[in-house]
Amino acid sequence: MSSERRSQLGIDVGGTSIKGAVVDLRTGELAGAIHSELTPSAATPDDVAAAIGRIASAVEWRGPVGVALPGVINGLTLRHAPNLAAEWATEGALTDLRAPTGANAVTINDADAAGLAELTYGNTGLESHGLTIVLTFGTGIGSALLHNGELIANSELGGLVGPEGCFEELASGRAISAERLTPCDWARRAQPFFDEIEVILNPARWVVGGGLSESFDSFASKLKLSKPISVAHLGVHAGIVGAAVFAAHEHRMRMPELVR
């Protein structure tokens, strides 16, 4: 039995909605419709697990599920996830996320999932062009560090704090919507954080994902950066695709044990 999978269900858990779709792993394209649910107001592990189960049932998926989560995955806990319930930070919280078959869901940080999708299906120069920083703008701001084709997991650049406040509170997609920020308004808030990250990490290029990718040009054109910036190759679907890729990778890694 081959350990290669041609399709995989990926689910992206956000502060506003939970979205999932089956992904064609050969191309990175969605192999079916996106199924979406509003993120429950409490957003406990049980709530999210139930939503994952409903999405899996809707696409008639049997098997492991890749799940992208908005926070730092530390063993079986999820930390620094302000848009989810506090229970995620308790030991063993991630064991509550199970596929309909009873198998554990495979979890990855949502921005790391977007970065993994970019590595797998995006710009081929990522294998040799130094550090690429992926920033995803949604309910919060997630980040992924890609260095010469490798993912450096669990960075949290959205948590940077400047004189006027926290990066993700000032410049996230939620802030743009709630405060009706124009591209110029947003750039004035975001520019100091881009400047600070450039000084500290000296990236070779930037990639923007999340909801901001849908209006990328109008916002990014207002920034003054020394390195090129582009929209994520898979746009708003990058989290779903990256979660699917990660789950398929974990499946391949575990197959030798399963067939012994």
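Colleague: Where in α5 does the kink lie, and shortly before which proline?

Modeller: Bear in mind that this is a predicted model. Helix α5 covers residues 183–201, and its kink is about 40 degrees. The proline is Pro192, and the kink lies shortly before it, at Ala190.

Colleague: What does α5 reach from its first C-alpha to its last?

Modeller: With 19 residues, α5 would be expected to span 27 Å at 1.5 Å a residue. The model comes close to that, with a reach of 25 Å.

Colleague: Which residues of α5 are buried?

Modeller: In general, residues three or four places apart on an α-helix point the same way, because there are 3.6 residues a turn. As for α5, the kink residue Ala190 is on the buried list. The full set is Trp186, Ala187, Ala190, Gln191, Phe193, Phe194, Ile197 and Glu198.

Colleague: What comes right after α5, and what is the phi there?

Modeller: The helix is followed by Asn202. Phi of Asn202 is positive, near 50 degrees.

Colleague: In what order do the five strands of the open sheet run?

Modeller: The pairing in this sheet is mixed. At the edges sit β10 (150–152) and β14 (229–231), each pairing on one side only. Neighbouring strands are turned by 30 degrees against each other on average, ignoring direction. Reading across, the order is β10-β9-β8-β13-β14.

Colleague: How many bridges join β8 to β9?

Modeller: Strand β8 takes in residues 131–137 and β9 residues 141–147, and the two run antiparallel. One of their pairs is Val134 with Ala144 in β9. The number of bridges is seven.

Colleague: Which strands does α5 touch, and what angle does it make with β8?

Modeller: Helix α5 packs on the sheet, touching β8, β9, β13 and β14. Its direction and that of β8 make an angle of about 150 degrees.

Colleague: And α2: at what angle does it run to β9?

Modeller: Helix α2 is made of residues 110–121. It lies across β8, β9, β10 and β13 (205–210). Its angle to β9 is about 40 degrees.

Colleague: Is Glu60 buried or exposed?

Modeller: Glu60 is in the loop between α1 (45–58) and β4 (66–69), with a positive phi near 55 degrees. Its relative accessibility is 70%. The cut-off for exposed is over 50%, so Glu60 counts as exposed.

Colleague: Why does Asn154 count as partly exposed?

Modeller: Asn154 is in the loop between β10 and β11 (161–162), and its phi is near 65 degrees. Buried needs under 20% and exposed over 50%. Asn154 counts as partly exposed because its relative accessibility is 28%.

Terms used:
Residues are numbered from 1 along each chain as its sequence is written. This is a predicted model: local features need pLDDT of at least 70, side-chain atom pairs count only at pLDDT 80 or more; totals for chains, interfaces and linings use all residues. Side-chain values use heavy atoms; hydrogens and water are left out. Helices (H or I, at least four residues) and strands (E, at least two) are DSSP runs, numbered from the N terminus. The expected span of a helix is 1.5 Å times one less than its number of residues. The bend at a residue is the angle between axes fitted to the seven residues ending there and the seven starting there. Buried means under 20% relative accessible area, exposed over 50%, partly exposed in between (1.4 Å probe, protein chains only). Two strands pair if DSSP finds at least two bridges between them. Axes are lines fitted to C-alpha atoms, for helices over the stretch in contact, and angles run from 0 to 180 degrees between N-to-C directions. Contact means heavy atoms within 4.5 Å.
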